[in-house]
Amino acid sequence: MSELSAREVVASYVERVWNLGDSSAVVEHCADPYVRHDAGGSRVMSHAEQLHRVTSERAAGTAADGRSLHFETLLLAGDGQDVTWVWNMTGPTGTALAASGVAAEVVRDEVRICGIEVFRVVEGRITEVWNSPPMAGHWG
């Protein structure tokens with residue numbers, strides 16, 4: 001594979017893992033371990049833990065009819081190492097995600113959530129990510 005910029009690594013990770021359900025991109029694009037920073041704490045996660053998290057979260061956002069969550073990138077910007085991702089997520093109602101109590105706006109048969117994450121990419125791998133709590137609705 002050709003060497004990707006930090007933005008290209010994050011864009012590929014988001015598209016493949018979250019929109020297409022290709023968990024192999026976790027191993028391809030993430031360091032083992034990597035650090036996930038959430039409000040209130042941080043977790044060091046191995047590939048196995050990362051794979052469990054993303055497959056569980058995608059499953060929670062997938063309806064019985066196969067419709068699943070989809071991320072739209074509004075902004076993907078950064079320097080050679082740190083990349084900011086501003087996103088809108090749309091998913092079907094009738095999923096574990098929709099019933100989980102996570103902040104979401106419901107419009108017709110969709111849940112809408114938005115957020116911001118900052119990724120650190122070192123030597124072509126995501127080594128850290130900072131996550132703001134998800135918010136209801138889509139960025140205006």
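Is Arg53 buried or exposed? I started there. Arg53 counts as buried, at 9% relative accessibility. The cut-off for buried is under 20%. I note for the record that this is a predicted model.

**Entry 1: helix 3**

I looked for a partner of Arg53. Its side chain meets that of Glu57 in a salt bridge, 3.4 Å from N to O. I then checked where the two sit. Both belong to helix 3, which runs over residues 47-60. They are 4 residues apart, so about one helical turn separates them. Glu57 is partly exposed, at 34% relative accessibility. So this bridge joins a buried Arg53 to a partly exposed Glu57.

**Entry 2: other salt bridges**

How many salt bridges does a search of the whole structure find? I get 10.

I picked out Arg120 and Asp82. Their closest N and O atoms are 2.8 Å apart. This pair links distant parts of the chain, with the two positions 38 residues apart in numbering. Arg120 is in strand 6, and Asp82 is in strand 4 (residues 82-92). I looked up accessibility for both. Arg120 counts as partly exposed at 23%. Asp82 also counts as partly exposed, at 25%.

I also found a network. Arg16, Asp22 and Glu28 are joined into one by salt bridges that share partners.

Next I took Arg36 and Asp38. Their side chains form a salt bridge with an N to O distance of 3.4 Å. Arg36 is buried, with a relative accessible area of 11%. Asp38 is partly exposed at 27%.

**Entry 3: the largest pocket**

I moved on to pockets. The largest pocket holds about 500 Å³ of space. Which residues lie nearest its centre? I list Arg36, Glu57, Trp87, Glu117 and Pro134. The full lining has 24 residues.

Two of these names were already in my notes. Arg36 is the buried partner of Asp38. Glu57 is the partner of Arg53 in helix 3.

I sorted the lining by type. It divides into 17 nonpolar, 2 polar and 5 charged residues. I also asked which elements supply it. Helix 1 (6-19), strand 1 (30-38), helix 3, strand 4, strand 6 and strand 7 (125-131) each give at least two residues.

I looked at Glu117 separately. Its place is in strand 6. Glu117 is buried, with a relative accessible area of 13%. I took one distance from this residue. The C-alpha atoms of Glu117 and Asp22 are separated by 20 Å, and the two residues are 95 apart along the chain. Asp22 belongs to the network with Arg16 and Glu28.

**Entry 4: strand 1**

I checked the backbone of strand 1. Where is the cis peptide bond? It runs from Asp32 to Pro33, with omega near 5°. Pro33 is found in strand 1. Most peptide bonds are trans, so I flagged this one.

Ala31 lies in strand 1 too. At 14% relative accessibility, Ala31 counts as buried. I took a distance here as well. Ala31 and Met45 are 14 residues apart along the chain, and their C-alpha atoms are separated by 9.2 Å.

**Entry 5: positive phi**

I scanned phi in residues other than glycine. Most such residues have a negative phi, so positive values earn a note.

Arg108 has phi near 55°. Arg108 is found in the loop between strand 5 (105-107) and strand 6. It is exposed, with a relative accessible area of 71%.

Glu123 has phi near 50°. Glu123 lies in the loop between strand 6 and strand 7. At 78% relative accessibility, Glu123 counts as exposed. The cut-off for exposed is over 50%.

**Entry 6: a nonpolar patch**

Last, I looked at the surface. Which residues make the nonpolar patch? I find Leu74, Leu75, Ile116, Met135 and Trp139. The patch covers about 380 Å².

I followed up on Ile116. It is found in strand 6, residues 110-122. Ile116 is partly exposed, with a relative accessible area of 31%. A residue needs over 30% to enter a patch, so Ile116 qualifies on that count. Strand 6 also holds Glu117, which is buried.

Methods. Residues are numbered from 1 along each chain as its sequence is written. This is a predicted model: local features need pLDDT of at least 70, side-chain atom pairs count only at pLDDT 80 or more; totals for chains, interfaces and linings use all residues. Side-chain values use heavy atoms; hydrogens and water are left out. Patches are made of residues with over 30% relative accessible area and no salt bridge: like charges are joined within 9 Å, nonpolar side chains (Val, Leu, Ile, Met, Phe, Trp, Tyr) within 5 Å. Accessible areas come from the Shrake-Rupley method with a 1.4 Å probe; for residues, only the protein chains shown count as cover. A salt bridge is a side-chain nitrogen of Lys or Arg within 4 Å of a carboxyl oxygen of Asp or Glu. Buried means under 20% relative accessible area, exposed over 50%, partly exposed in between (1.4 Å probe, protein chains only). On a 1 Å grid over the protein atoms alone, a cavity is a set of points where a 1.4 Å probe fits but cannot get out, and a pocket is an open set with protein on both sides within 12 Å along at least five of seven lines; lining residues have an atom within 4 Å of a point. Grid points are joined across faces, edges and corners, and a volume is the space filled by probe spheres set on the points. Ala, Val, Leu, Ile, Met, Phe, Trp, Tyr, Cys and Pro count as nonpolar, Asp, Glu, Lys and Arg as charged, and the others, Gly among them, as polar.
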